[in-house]
Amino acid sequence: MALKESPFPNGFVAGVHAVGWTLILPCFWCLDRVIAVCKSTTQEQIQREEQECYLHPLKVFFGSILFFILFLITAPFAFLGFLLWAPLQACRRPFYYHREAPISPEMEYHMEYHSGFEQAGKASFGFATANLCLLPESLARFNNLGHTQQRAYAIGQCIVQGVSRPNIRIFIDSPSSCGTLSPSNSILPTASSNTYGATGQSQPPVNHHVESTQRQFRVVRVPCDDTEEPSSEAPSPCLNSNQNSNQQGRSSHRRAPRALLSQGLRQQGDVPWEVSSLFPANVDILCLEEVFDKRAAQKLTNILKPVFGHILYDVGVYACHPPCRCSSFKFFNSGLFLASRFPVLEVQYKCFPNSRGEDALAAKGLLSAKVLIGKNKKQKRVVGYFNCTHLHAPEGEGAIRCEQLNMVTKWIVDFQAANKQPDEEVVFDVLCGDFNFDNCSPDDHLEQNHHIFEDYKDPCRAGPGKEKPWVIGTLLEQPTLYDDEVNTPESLQRTLERDDLRRHYISPPVPAAGLPLVYPENGQPWIGRRIDYILYRESSISKQCRTEIEEVTFITHLAGLTDHIPVGLRLNVVMESDCGDE
């Protein structure tokens, strides 16, 4: 049965809830502005110094008085609204669902194409995760980020610009038949497209400047080089700057041609990776964290819905949770936001019961979704599982995060067991989000050794407490967000690629209590805190399907808009000829 869009059982309850929130919102906004007007970001401070503006103290004084008076005026109405709003949370489903109807021939084309992808023997799926810090204005400013609504709009535009670009098919001229490479990125932005996901290397990119029935693609031919090491020369501006290295129909990774590796994609060990100034093209499922602000979530939904036809937002519970327990009142939702090109079949949200301190004010938890990819040649449904979470934040409280990881593991197993169908093939099982611990801090040793990393594979992890040498931290230092070296996608990309520069802008590891920090060890690169993860599991997918990593991406497209570096992962699912015959 299709998911309902409204989280309420009927229109009357939804209407009463809307009236209650309308009465609350003006008071909430005034209180938010009382605090926000007193807190400046470092960018605003620099601008005032450059403009020699000395009126800011007067703005703070009179502004705070004005908004406080408005707060007092609207407070009685907010109280009435709260009496309507709070009780209705007991019957509210913990998420909104937006479904964009497939109205274009282009979308129908992708639906038909994906439904037959198994005949090709291989499919490509792209995932991305990003913490956006879209808090109410006053709270966002304590993270050195302001203008929440404007940032939400700008972030949405950046994501659409990146993920809706066409792929470029690269044919390798070689006597040994190196095959076809399909870069996940292009430097050419295009208009938004309605699709149901990336369909692997055989899909021709859509040209949006011609009719939807005319499908064109760009061809680039490069010589194949299986022996030489990647070039360290600067990228040539005439070639695509973001390219991946996987070749269609291969069950193991080959070294990408030198001409491609020099354009941004690199391979060190068994994982191709890159630092990209644009979101990867054709991301299929996007997980966002800290989208706490309702208006910002609605803005993102409106911008992303032409590209991602299925969106879950305003995820989480409010008021007393569990009901009738005022000691665990939730002022904010979970902040989780999921956008998918694939139809969503089943959804489950679970709230962590062990949050403490300021984290207990938000309904952090786990969001699990089952999505429909299509049907295989045996007419079995092909599905995937996608899970996203945001763990406990305060440092030094690893035991709480370990408890939450235990819950995440159990909830995922329960969700998949409850929704498993005998006539289905599972092609991916992904877990991502902001875990709020890294794999290099001595203070995070409990989480680093958690058994979840035995179930799910982390492509960036060499072992407990040890990252692979090419990995880059994803938590930026907040005081330096607007420095010239990191305030644009291009400058942040250059900074992250240099070990001597990124150590000044990526948060360093957290030492164990009472012990000095020695980091990095002799001869090891400076990585910093990587707290944003995309993990995948192979044990839960169909037995005849195998997973290959096509590319890991560290994304700088949101420079100056958030204090995290988004992460992307593209997986190739190789299906044996008898997959689906089980």
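This short presentation covers two pockets and two buried residues in a predicted model.

Residues are numbered from 1 along each chain as its sequence is written. In this predicted model, local features need pLDDT of at least 70, side-chain atom pairs count only at pLDDT 80 or more, and totals for chains, interfaces and linings use all residues.

I begin with the largest pocket, a pocket being an open set of points on a 1 Å grid over the protein atoms alone, where a 1.4 Å probe fits, with protein on both sides within 12 Å along at least five of seven lines. The largest pocket holds about 1100 Å³ of space. Of its 44 lining residues, Trp 21, Ile 24, Leu 25, Phe 28 and Phe 331 are the closest to the centre; lining residues have an atom within 4 Å of a point. Helix H1 (11-36) gives the largest share of this lining, 13 residues. Helices here are DSSP runs (H or I, at least four residues), and strands are DSSP runs (E, at least two).

The second largest pocket contains about 760 Å³. Its lining has 29 residues, with Asn 143, Glu 290, Asp 359, Lys 364 and Ala 393 nearest the centre.

I turn now to the individual residues. Phe 125 belongs to strand S2 (residues 122-134) and counts as buried because its relative accessibility is 0%; buried means under 20% relative accessible area (1.4 Å probe, protein chains only). Phe 125 and Val 573, 448 residues apart in sequence, are 7.8 Å apart, C-alpha to C-alpha.

Glu 424 lies in strand S16 (residues 424-434). At 9% relative accessibility, Glu 424 is likewise classed as buried.

Note on methods
Heavy atoms only, no water. Buried < 20%, exposed > 50% of the residue type's maximum accessible area, 1.4 Å probe, protein only. Points joined across faces, edges and corners; volume = space filled by probe spheres on them.
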